[in-house]
Amino acid sequence: MSFEPVLLPTIIEALSAIIAQNAEEVTALDQVLGDGDHVTNVQRGLAALMTQREALSDLAWPVAWQQIGMSLMSAVGGASGLLYSTFFLSLAKAGQGQDLTLNSFAECFAQAVDALKKRGKSEAGEKTLLDVFVPVSVYLTSAAERALPVAVVLTEVAEVAIAGMESTRDMLATKGRASFLEARSLGHIDAGAKTAQLMICALVEVLKKA
Ligand code: ADP
Ligand code: MG
């Protein structure tokens, strides 16, 4: 198993495919809780990355993350575009000069999630994509401390992401457009949590085969 940026074209293709397959379902969710443009925003970001996927594969991880963050910043509108670009730019900053191990990645991921919380002025439990990113980060930190084998981490991290996405169903939205709905937001999964989970699961599938 080797996690090198050479995997990026396959990863970006897999993410684009999973989002395309689930586009209608995500749009239906975002029409309930948001303004219905979430899939378009995510797809605009992925399309920008598709055009650069071969160039990205020649870079070191932190440089590739930096490039991804900058591309998403200019290509994607909406709250999610800003949040994902913040995430990748912070990941790049934290990862500078580091070798990629489970330990170093868990540490960088935690810093990037902190930056995401600051940017969104939000925490887990508010029915957003943070309800996937925060439990995934907590799990990665714990997996690194326990020195779990990568194969186990990949299986479990996908389960954590799915549980996080599902947890948004019974949450009250207090951030983003969905907060205007108040109690009517109950009973619906957050679109941003759904796309985050789908992309994490697609990433895991690629890494499992690497
Ligand atoms: P917009 O809300 O600007 O239309 P998108 O539709 O692309 O942007 O993204 C909406 C998703 O972004 C939501 O489903 C939610 O998961 C996430 N989101 C929105 N606001 C915040 C925030 N303040 N903190 C964290 N996540 C947020
Ligand atoms: Mg929207």
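**Exercise 1.** Which residues does Leu29 touch, not counting residues up to four places away in sequence?

*Solution.* The model is predicted: local features need pLDDT of at least 70, side-chain atom pairs count only at pLDDT 80 or more, and totals for chains, interfaces and linings use all residues. Residues are numbered from 1 along each chain as its sequence is written, chains are lettered from A and ligands numbered from 1 in the order in which they are written, and side-chain values use heavy atoms, with hydrogens and water left out.

Step 1: take contact as heavy atoms within 4.5 Å. Step 2: with that sequence limit, Leu29 touches Ile189, Ala191 and Lys194.

**Exercise 2.** Place Leu29 in the structure and state whether Leu29 is buried or exposed.

*Solution.* Step 1: Leu29 lies in helix α2, residues 23-33 (helices are DSSP runs of H or I, at least four residues, numbered from the N terminus). Step 2: Leu29 is buried, because its relative accessible area is 14% (buried means under 20% and exposed over 50%, with partly exposed in between, for a 1.4 Å probe and protein chains only).

**Exercise 3.** Do the same for Ser57, and find its contacts.

*Solution.* Step 1: Ser57 sits in the loop between α4 (53-56) and α5 (61-75). Step 2: its relative accessibility is 14%, so Ser57 counts as buried. Step 3: leaving out residues up to four places away in sequence, Ser57 touches Pro5, Val6 and Pro9.

**Exercise 4.** What does Val136 touch, not counting residues up to four places away in sequence?

*Solution.* Under that limit, Val136 touches Phe109, Val157, Val160, Ala161 and Ile200.

Note on methods:
Helix = DSSP H or I, 4+ residues; strand = E, 2+ residues; numbered from the N terminus.
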